[in-house]
Amino acid sequence: MMPPSPALPPGVSLDTLLAVLRPLAWGAADILRAYGRGVAPPYGFPAALSVDDGGEGPVSAADLAVNQWLLEGLRQAFPQAAWALLSEETAADQLRNGSPLQSEWLWILDPLDGTKDFLAGSGEYAVHLALVQGQRPVLGVVLLPEPEELWFGLLAGPESAGLGQAWRENRAGERFPPCLSPRRDCTELVLVASRNHRDQRLEALLQALELGATRAVGSVGGKVAAILRGEADLYLSLSGKSAPKDWDMAAPEAVLLAAGGAFCHADGGPLLYNTGHGLQAGCLIASHGPAHAELCRRALGALASIDPGFVV
């Protein structure tokens, strides 16, 4: 029996939505790969100008081009849809005075997640698209342009963790299921972490969790994809002077939950979106699931000593 499909706004069918999202995603991949390689981008987008030439470099050019591509694509395909559109590039203008956007349905987009890896040429960057109902995601898309992986996650509703379906597609449209690892003991779990964004608090927390190996992967989408492939088992975010944003987390969370994994605050509280500030602060734990409750318990206990008063 297939899991139930997600609820969608009136007049939007799942088949039509997926048929629109696929070419939008692969078009975004073509745009990013072109800018990353320093060649002329497709679809009429301008070549990147260096700072010396009066531009802002390939990252800004790629961000803006993919942002325009995605927003215009959704607007043209669904001109009457009852949803709002929010992206990393438009958030500064849209999120004002800490007020949520007044829409039950909201697309949250990140046209380029993993900027440093994009610049470094590691290939570990992603594009995120998430459809949120209320404050929780019901659909997520994570595109990894370099390995050409397109991940979909569909949840039955905003409160339906574990009731969904997730899969990976290639350019030919072939589908492949997630392959979460069978590892259960914390000492065997493989952590996927950033090469950057690590401080003494995080190092102390990781030591207290007594995990197994660690792999470095860029982009939150790339980290979650490593969990979906069974190459890693958990990802942990511990905010400090800065915190991840809605567009970093919404799409990866939706795909991981739809695959049967878990993603929450260390105290078990859910991630909430469209709260007005766009921040995902605290201690956030994403995992393949079997050891999630134990990981949260250990993290809470450790943080009470490492950083008393820290709001998880």
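**Close-ups of a predicted model**

**View 1. L21 and the residues it touches.** Skip the neighbours within four places in sequence, and L21 is in contact with L74, W107, L129, L139, V141 and F152. Keep in mind that this is a predicted model.

**View 2. The largest nonpolar core.** Here we zoom out to the largest nonpolar core, which has 45 residues. L17, L21, W83, W107 and L139 are the ones that touch the most other members. Which elements give two or more residues to this core? They are the helices α1 (14-37) and α2 (57-77), plus the strands β2 (105-113), β3 (126-133), β4 (136-144) and β5 (149-155). The largest share, 13 residues, comes from α1. In soluble globular proteins, nonpolar side chains tend to be buried together.

**View 3. Another core, apart from the largest one.** This one has 40 residues. Look for V217, A250, A254 and Y273, which are among them.

**View 4. Helix α1 from end to end.** How far should the 24 residues of α1 span? At 1.5 Å a residue, the answer is 34 Å, and the end C-alpha atoms are indeed 34 Å apart, so the two values agree. Just after α1 you'll meet G38, which takes a positive phi of about 75°.

**View 5. N97 in its loop.** Find N97 in the loop between α3 (91-94) and β2. Is N97 buried or exposed? Its relative accessibility is 77%, and exposed means over 50%, so N97 counts as exposed. Now pick out Q207 as well: N97 and Q207 are 110 residues apart in sequence, and their C-alpha atoms are 39 Å apart in space.

How values were computed:
Residues numbered from 1 in each chain as written. Predicted model: local features only at pLDDT ≥ 70, side-chain atom pairs only at ≥ 80, totals over all residues. Heavy atoms only, no water. Core = buried A, V, L, I, M, F, W, Y, C linked by side-chain atoms within 4.5 Å. Buried < 20%, exposed > 50% of the residue type's maximum accessible area, 1.4 Å probe, protein only. Helix = DSSP H or I, 4+ residues; strand = E, 2+ residues; numbered from the N terminus. Contact = heavy atoms within 4.5 Å. Expected span 1.5 Å × (residues − 1).
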